[in-house]
Amino acid sequence: MQALIVLIVVIGLLAVLALALSVKVVKQYEKGVLFRFGRLVGTRSPGLRFIIPFVDALHRVSLRVVTMPIQSQGIITRDNVSVDVSAVAYFRVVDAVKSVVAVENVNAAINQIAQTTLRKVVGRHTLDETLSETDRINLDIRQILDVTTVDWGVQVTLVELKDIQLPDTMKRAMARQAEAEREKRAKIINAEGESLAAAALGDASDTMMAHPLALQLRNLQSLVEIGVDQNTTVVFPAPLMSTIGELGSFLARETAAAAPAAAAPPADTGRTDKSLSQAGSVPGTAA
């Protein structure tokens, strides 16, 4: 009787163990791939699934998007510049059977092919293209990966360059280049300003030549602006000095012309003095 009880207990435990081994749960974001005696039977959708213990093997494959960082790669660009480039790849399994049957470890395989593709694609571009055309490089890498991983039941959704490390010497050279470019732009803008200012001054000089008094008014206005500060030393412009000199010459001529007219005697007095002088000269001659 005791042996029968032990046998029943053992059978019960084996039944419980078999039931535990036969019950599998496939989550919503997974798909199960079932093998029976090593042969592919099919796939199992999410939910509670039963298998035959020690006969069936169920592999659960995640269908979610996987984020895979691509470690930094030392790459020589087409113009012989050494750079360290790292990236990140996003992919997901679209065919669970292929991802299990066609490749042993799909994550490791994609990581390795992504590193070699990154090195190959970046090596075909120059440094300037690598820095400025990252979108095109990302697209090229993704297209190459898609062609390779389609046989593995994997779809690469996105590849992005994450970081580009340049040598210190190249950083300094690029900084000098950027500084020179900014200086060139500043000189061009300054030259354009000087050209516009010269054209405006030419128009102003033409106007002043047509109206000479305009120049004098501008000089006087400048003196008024300078004279606001009492401690300012006033320097007269050359045109103003020449005008003052011309004005002084004009006044001198007027004064010289007015002096003989003021010193000349009346007409009758002049004739009387002449007669007297002639009369006085006769006795002197006789003597």
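User: When does a charged side chain count as sitting over an aromatic ring, and which residues show this here?

Analyst: A charge sits over a ring if NZ of Lys or CZ of Arg is within 6 Å of the ring centre and within 35 degrees of the ring normal. In this structure, which is a predicted model, the charged end of R64 lies over the ring of Y29, at 3.8 Å from the centre of that ring.

User: How should I read the sheet that contains β2, and in what order do its strands lie?

Analyst: For a sheet, one reads the order of the strands and then the sense in which they pair. Here three strands make an open sheet in the order β3-β2-β5, and their pairing is antiparallel. The edges are taken by β3 (39-44) and β5 (56-62), and each has a single partner strand, so one side of each is left without a neighbour in the sheet. From one strand to the next, the twist averages 25 degrees. Strand β2, residues 30-36, pairs with β5 in the antiparallel sense over seven bridges, and the bridge partner of L34 in β5 is L58.

User: F35 is also found in strand β2; is it buried or exposed?

Analyst: Burial is judged from relative accessible area, and buried means under 20%. With a relative accessible area of 14%, F35 is therefore buried. Along the chain, F35 and I51 are 16 residues apart, and their C-alpha atoms are separated by 9.8 Å.

User: What is the strand order in the sheet that contains β7, and which strands stand at its edges?

Analyst: This open sheet of three strands has the order β6-β7-β8, again with antiparallel pairing. At the edges stand β6 and β8, each with a single partner strand, so one side of each has no neighbour in the sheet. The twist in this sheet averages 25 degrees from one strand to the next. Strands β7 and β8 run antiparallel and are joined by ten bridges, while V88 has E160 in β8 as its bridge partner.

User: What is the general idea behind a nonpolar core, and how many residues does the largest one have here?

Analyst: In soluble globular proteins, nonpolar side chains tend to be buried together. The largest nonpolar core in this model has 32 residues, and those with the most contacts inside it are V83, V85, I110, L118, I141, V154 and L161. At least two residues of this core come from each of β2, β6 (66-76), β7 (82-93), α3 (106-123), α5 (134-149) and β8 (154-165). The largest share, seven residues, is supplied by α3. Domain 1 (20-63) and domain 2 (65-166) each give at least three residues to this core.

User: Why would anyone remark on a positive phi, and where is F54 found?

Analyst: A positive phi is worth a remark because most residues other than glycine have a negative phi. F54 is not a glycine, yet its phi is positive, near 65 degrees. This residue is found in the loop between β4 (47-50) and β5, and F54 counts as exposed, at 75% relative accessibility.

User: Where is N80 placed, and is it buried or exposed?

Analyst: N80 lies in the loop between β6 and β7, and at 67% relative accessibility N80 counts as exposed. Although N80 is not a glycine, its phi is positive, at about 65 degrees.

User: Finally, how many aromatic pairs are counted?

Analyst: Rings of Phe, Tyr and Trp pair if their centres lie within 6.5 Å, and by this rule the count comes to zero aromatic pairs.

Technical notes:
Residues are numbered from 1 along each chain as its sequence is written. This is a predicted model: local features need pLDDT of at least 70, side-chain atom pairs count only at pLDDT 80 or more; totals for chains, interfaces and linings use all residues. Side-chain values use heavy atoms; hydrogens and water are left out. Rings of Phe, Tyr and Trp (its six-membered ring) pair if their centres lie within 6.5 Å; planes under 30 degrees apart count as stacked, over 60 as edge-to-face and the rest as tilted. Two strands pair if DSSP finds at least two bridges between them. Helices (H or I, at least four residues) and strands (E, at least two) are DSSP runs, numbered from the N terminus. Axes are lines fitted to C-alpha atoms, for helices over the stretch in contact, and angles run from 0 to 180 degrees between N-to-C directions. A nonpolar core is a set of buried Ala, Val, Leu, Ile, Met, Phe, Trp, Tyr and Cys residues joined through side-chain atoms within 4.5 Å. Buried means under 20% relative accessible area, exposed over 50%, partly exposed in between (1.4 Å probe, protein chains only). Domain bounds come from an automatic or database domain assignment.
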